[in-house]
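Student: I've got a model open and I'd like to practise reading it. Can we go through it together?

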Amino acid sequence: MNQKKCPQCKNLISLAAPTCLYCGRPNKFVTNSYVKGKWDKQYNIKKNNINIFKLLISRQILFIFIILITLLIIINK
């Protein structure tokens, strides 16, 4: 496992660790987007539900539109 020295307390920590285990100093790669993607499960679930809902509505509207066109063709003949 790759390790590096913490710049604050000089203890060895893993490169994959989000913070130092000894002093709590965060590593460089921890950003706001990293935290949201990794730990905020409700944010990801809400985002996915909205996309699925919009997709279902668009499919329903398309289905109704096709039915109306076929009915208009049948009535005009």
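Student: Is isoleucine 75 buried or exposed?
Tutor: This is a predicted model, where local features need pLDDT of at least 70, side-chain atom pairs count only at pLDDT 80 or more, and totals for chains, interfaces and linings use all residues. Residues are numbered from 1 along each chain as its sequence is written, and side-chain values use heavy atoms, leaving out hydrogens and water. Buried means under 20% relative accessible area, exposed over 50%, and partly exposed in between, with a 1.4 Å probe and protein chains only. Isoleucine 75 has a relative accessible area of 66%, so the word for it is exposed.

Student: Which helix is isoleucine 75 in?
Tutor: Helices (H or I, at least four residues) and strands (E, at least two) are DSSP runs, numbered from the N terminus. Going along the protein chain that way, the elements come as β-β-α-α. Isoleucine 75 falls within residues 41–76, which is helix H2.

Student: How many of the 77 residues, in percent, are buried in the protein chain?
Tutor: Take the same kind of cut-off we used for isoleucine 75, which came out exposed. Counted over the 77 residues of the protein chain, the buried share is 8%.

Student: Where is cysteine 6, and which residues is it in contact with?
Tutor: Cysteine 6 sits in the loop between strand E1 (3–5) and E2, and at 1% relative accessibility cysteine 6 counts as buried. Contact means heavy atoms within 4.5 Å. If you skip neighbours within four places in sequence, the contacts of cysteine 6 are Asn11, Ile13, Cys20, Cys23 and Arg25.

Student: Why is there no bond between the sulfur of cysteine 23 and its closest cysteine sulfur?
Tutor: A disulfide is a pair of cysteine sulfur atoms within 2.5 Å, and the structure holds 0 of them. Cysteine 20 is in none either, with the nearest cysteine sulfur, in cysteine 9, 3.6 Å away. For cysteine 23, the closest cysteine sulfur is in cysteine 6, and the pair is too far apart for a bond because the distance is 3.6 Å.

Student: Which element of the protein chain has the highest mean pLDDT?
Tutor: pLDDT is the predictor's confidence in each residue, from 0 to 100. Over the protein chain its mean is 76, with 61% of the residues reaching 70 or more. Helix H1 (residues 32–39) has the lowest mean among the elements, 68, while the highest, 89, belongs to strand E2 (residues 12–14).
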